[in-house]
Amino acid sequence: KALEIGHEQHPDAGMDRLRSNIAGNIGFIFATNCTLDDIQETLSKHRRLSAAKAGQVAVAALNLPSGPTGMDPSQTNFFQAL
């Protein structure tokens with residue numbers, strides 16, 4: 001929404017091209033008085049782990065071999081919930 005408003009107020013700034021090239025849930029950091037290292041350090045301090053959600057792409061490849069789970073068939077509902 002902010003880029004849309006910015007484009008309306010300053011149509012010659014090229015924000016329409018920026019808007020057409022971004023997708024998904026992203027954020028912008030506008031910094032004029034610090035370095036990239038300062039920003040990375042600050043972001044790393046506030047990083048939190050979270051559970052995976054449907055549709056997310058893994059950051060590492062994981063291959064599970066097929067075979068018996070060692071579980072009774074009535075206990076496999078857990079895997080379907082994943």
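**Exercise 1. Placing L43**

Determine in which helix L43 is found, and state whether L43 is buried, partly exposed or exposed.

Solution. Step 1: in this predicted model, L43 belongs to helix α3, which covers residues 36-45. Step 2: the relative accessibility of L43 is 48%. Step 3: the partly exposed class lies between 20% and 50%, so L43 counts as partly exposed. Step 4: as a spatial reference, take F30, which stands 13 residues from L43 along the chain; the two C-alpha atoms are separated by 14 Å.

**Exercise 2. The salt bridge of helix α3**

Identify which side chains meet in a salt bridge, and describe where the two residues lie in the helix.

Solution. Step 1: side chains of opposite charge can pair when their charged atoms come close. Step 2: the count for the model comes to one salt bridge. Step 3: the partners are E41 and K45, with an N to O distance of 3.7 Å; the cut-off is 4 Å, so the pair qualifies. Step 4: both residues lie in helix α3, four residues apart, which is about one turn of the helix. Step 5: E41 has a relative accessible area of 44% and is partly exposed, whereas K45, at 60%, counts as exposed.

**Exercise 3. Classifying an aromatic pair**

Decide whether the rings of F28 and F30 are stacked, tilted or edge-to-face.

Solution. Step 1: a pair of aromatic rings is described by the distance of the centres and the angle of the planes. Step 2: the model holds one aromatic pair, formed by F28 and F30, whose centres are 6.1 Å apart. Step 3: this lies within the limit of 6.5 Å, so the rings pair. Step 4: the angle between the planes is 25°; planes under 30 degrees apart count as stacked, and the pair is therefore stacked. Step 5: F28 is partly exposed at a relative accessible area of 41%, while F30 is exposed at 73%. Step 6: F30 sits in the loop between α2 (15-20) and α3. Step 7: F28 and F30 also take part in a nonpolar surface patch together with L18, I22 and I26; the five residues have about 490 Å² of accessible area together.

**Exercise 4. A glycine in helix α1**

Establish whether G6 is buried or exposed, and give the C-alpha distance between G6 and D16.

Solution. Step 1: G6 lies in helix α1, residues 2-9. Step 2: its relative accessibility is 9%, under the 20% limit, so G6 counts as buried. Step 3: D16 is ten residues from G6 in sequence, and their C-alpha atoms are 9.2 Å apart. Step 4: for the protein overall, buried residues make up 5% of the 82 residues.

**Exercise 5. Overall form and confidence**

Compare the radius of gyration of the protein with that of a compact globule of 82 residues, and state where confidence is lowest and highest.

Solution. Step 1: the protein contains four helices and zero strands, in the order α-α-α-α along the sequence. Step 2: a compact globule of 82 residues would have a radius of gyration near 12 Å, but the protein has 22 Å. Step 3: the C-alpha trace spans about 65 × 30 × 20 Å along its principal axes. Step 4: the accessible surface comes to about 8200 Å², and carbon and sulfur atoms account for 55% of this surface. Step 5: the mean pLDDT of the protein is 82, and 96% of the residues score at least 70. Step 6: confidence is lowest in helix α4 (residues 77-81), with a mean of 70, and highest in α3, at 92. Step 7: where pLDDT is low, the predicted coordinates should not be read in detail.

Terms used. Residues numbered from 1 in each chain as written. Predicted model: local features only at pLDDT ≥ 70, side-chain atom pairs only at ≥ 80, totals over all residues. Heavy atoms only, no water. Phe/Tyr/Trp six-rings, centres within 6.5 Å; stacked < 30°, edge-to-face > 60°. Buried < 20%, exposed > 50% of the residue type's maximum accessible area, 1.4 Å probe, protein only. Patch = residues over 30% accessible without salt bridge, like charges linked within 9 Å, V, L, I, M, F, W, Y side chains within 5 Å. Areas by Shrake-Rupley, 256 points an atom, 1.4 Å probe, with all protein chains shown as cover. pLDDT = per-residue confidence, 0-100. Rg over C-alpha atoms; globule rule 2.2 N^0.38 Å.
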